[in-house]
Amino acid sequence: MSRRRGIMSESFKEELAKELGFYDTVKSEGWGRHQSRDAGNMVRLAIEKAETTMNGTKNQHDD
């Protein structure tokens, strides 16, 4: 079975990891070494950022 391409870009994942404070681990040991809790927090933060972006775009069109 082929691997699916990731939805998030590497730079976005790195940005999230930096914000959440585990980028140093990713940088030194790779993505496979972070905890599943960290992955869940990355998803939560990505969703929050997407919602914020969508709400900002929606509010601009409401004028």
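Start your tour in helix 3 (residues 36-61) by selecting E48 and R44, which both lie there, 4 residues apart, or about one turn of the helix. Salt bridges that share partners also join E15, E19 and K49 into one network, so keep those three in mind for a later stop. Before you go on, note that the model you have open is predicted.

Stay with E48 and R44 and show their side chains. The two form a salt bridge, with the closest N and O atoms 3.0 Å apart. Are these partners buried or exposed? Neither label fits: E48 is partly exposed at a relative accessible area of 37%, and R44 is partly exposed as well, at 40%.

Next, move to helix 1 (residues 10-20) and select K13 and E10, which both sit in this helix, 3 residues apart, about one turn. Zoom in on the side chains to find a salt bridge whose closest N and O atoms are 3.0 Å apart. E10 counts as partly exposed, with 41% relative accessibility.

Now select E29 and R33. Their side chains meet in a salt bridge, at 3.2 Å from N to O. Turn on the surface and look at each partner: E29 counts as partly exposed because its relative accessibility is 46%, while R33 counts as exposed because its value is 56%, and exposed means over 50%.

For the last stop, select E15, E19 and K49 together. Here salt bridges with shared partners link the three residues into one network. Across the model, the count comes to 5 salt bridges.

Conventions
Residues numbered from 1 in each chain as written. Predicted model: local features only at pLDDT ≥ 70, side-chain atom pairs only at ≥ 80, totals over all residues. Heavy atoms only, no water. Salt bridge = Lys/Arg side-chain N within 4 Å of Asp/Glu carboxyl O. Helix = DSSP H or I, 4+ residues; strand = E, 2+ residues; numbered from the N terminus. Buried < 20%, exposed > 50% of the residue type's maximum accessible area, 1.4 Å probe, protein only.
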